[in-house]
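Please work through the following exercises with the structure in view. Each task is followed by a solution in steps.

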Amino acid sequence: MPTRTRFEATARIGYAALTLLLAVGMAFSIRRFSSVTDEQIAWIRNKENDISLVERLRWSGELIVSHGRGYLLSGDRELLAEAHGARAQFEENVRALRGRALSPTSLELVGEIEREARNFIRLQDELFAARQRSEDMRPLVRRFDAELRPRRGELDVHVARLVEHKQDVVEQCYDIAKSERVRLERRLYGVLGLLVLTGVGIAWYFTRRLGGLYHQVREAREAARRAVAARDELMGILAHDLRNPLGAITVKAAMMRRGADSERTRQHAASIENVAMRMERLIRTMLDVAIMESSRFSVTPAPCAVDDLVRETVEIFGPLSESKQIRFEQRVSEPGLAIHAERERVLQVLSNLLGNALKFTPQGGHVTLSVDREEAMVRFSVADTGPGIPRENLASLFERFWKDEAPGEKGTGLGLYIAKGIVDAHGGRIWVESEVGRGTRFYFTLPIADPAAREAPAAEVGAPLHPA
């Protein structure tokens with residue numbers, strides 16, 4: 001598995017593990033918080049129900065006393081029935097309290113209330129029986145106030161003690177809930193701290209990995225730069241050293257062609273001469289690239305007539321366009337234009353652009369060379385009706401060794417790179433516009449010549465090159 005793919009897979013696994021850990025931690029925290037909250041709410045609700053039962057017990061006790069006294073005073077049978085109903089409610093409340101999960105203290109308090117209630121009810125029944133036998137109620141009321149009121153006070157005291165106990169239990173419940181919340185909070189902070197430490201560990205790990213990859217990439221880039229520099233230096237040395245023997249071969253082949261005794265020898269000599277000339281052009285290209293890469297490329301500009309450049313270009317490419325059955329047109333918008341440039345270098349740019357246009361334009365197509373004036377610059381354009389260039393390739397056209405070969409055609413991929421270097425060295429600009437299926441148009445601009453300086457001697461001007 002490549003390093004980048006392996007690193008990306010490791011990073012995804014690491015971040016997925018961290019995300020899963022965060023999700024599990026949050027789910028645990030939420031579940032635990034919900035569970036504790038439910039337990040505390042149920043506990044508090046249970047204790048509040050106990051207090052409600054005690055309050056109902058107190059209220060039914062009050063009804064027993066009030067209805068019983070009312071019956072003693074009035075002899076009303078309905079009050080007697082209501083007193084017995086209050087007794088039944090009191091006993092039911094006592095049974096309900098005993099049926100709940102009470103603490104030993106609560107059970108003891110409920111037992112005391114129950115004993116006091118029995119004593120009270122026993123005395124009250126005696127008074128009720130005496131009331132039924134006697135019409136004089138005054139002794140009964142005095143006995144009620146003398147004997148039952150104290151017992152009623154005792155019953156109230158026991159009920160009040162049970163209520164206070166239940167309130168204390170509720171307060172303890174709140175205290176326990178508070179301590180449980182603090183304990184849960186500490187646990188959650190512990191989980192959060194664990195998650196933070198895990199995240200820091202994962203971040204540290206990937207930082208180390210990224211740092212190592214960065215150093216590897218930097219070392220690889222530096223090695224590639226040294227390799228490219230060595231290659232360019234070797235290419236320049238070889239190109240320079242090959243020019244002299246290749247020139248000698250060209251001269252010898254020309255002499256053999258002119259002095260040949262037979263047609264066969266003359267053809268062989270011409271073939272050798274053509275091959276040598278192609279090699280010389282290739283060597284010139286290699287030298288130009290080496291000089292451009294070393295930022296020592298320079299031009300010697302001088303006033304140069306545009307009409308002469310166009311005429312010489314037509315003489316070179318006119319026969320080639322006719323042989324390929326491609327219509328080649330020229331248009332100069334303003335006669336007498338002159339540019340401040342090195343003539344041979346401009347012809348080199350035009351030759352490269354027109355050669356590409358004719359190479360990619362199909363039979364019956366159309367190639368146009370146009371020249372227009374734009375303020376202090378002269379704009380050249382070479383348009384063709386070829387297949388066009390995809391949009392994603394436009395940004396790479398002027399890079400070294402980039403090429404889009406036509407069927408049956410070969411090239412070095414350096415022509416447009418050198419053309420850009422030449423135009424940049426003159427202070428101009430080169431660009432391209434293309435649409436797939438509708439052809440391509442290359443533009444470049446060069447400075448216009450000052451009419452007063454057309455007769456002045458040319459001065460050598462050097463400009464550092466910034467390759468695309």
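**Exercise 1: The sheet**

Ala383 stands opposite Arg441 in E8. This is a predicted model, in which local features need pLDDT of at least 70, side-chain atom pairs count only at pLDDT 80 or more, and totals for chains, interfaces and linings use all residues. Residues are numbered from 1 along each chain as its sequence is written, and side-chain values use heavy atoms, with hydrogens and water left out.

Task: Determine in which sense strands E6 and E8 pair, and which strands form the edges of the sheet.

Solution.
1. E6 (residues 377-384) and E8 (residues 439-447) pair in the antiparallel sense over eight bridges. Strands (E, at least two residues) and helices (H or I, at least four) are DSSP runs numbered from the N terminus, and two strands pair if DSSP finds at least two bridges between them.
2. The open sheet has five strands in the order E3-E5-E6-E8-E7, with mixed pairing.
3. The edges are E3 (327-332) and E7 (429-435), each of which pairs on one side only.

**Exercise 2: The helices**

Task: Identify which strands H8 touches and how H7 passes H8.

Solution.
1. H8 packs on the sheet and touches E7 and E8 (contact means heavy atoms within 4.5 Å).
2. The axes of H7 (residues 343-360) and H8 (residues 415-425) come within 9 Å and cross at roughly 145 degrees. Axes are lines fitted to C-alpha atoms, for helices over the stretch in contact, and angles run from 0 to 180 degrees between N-to-C directions.
3. The contact includes Leu353 of H7 and Ile422 of H8.
4. H7 passes H8 in a left-handed crossing, meaning that the near helix is turned anticlockwise from the far one by less than a right angle.
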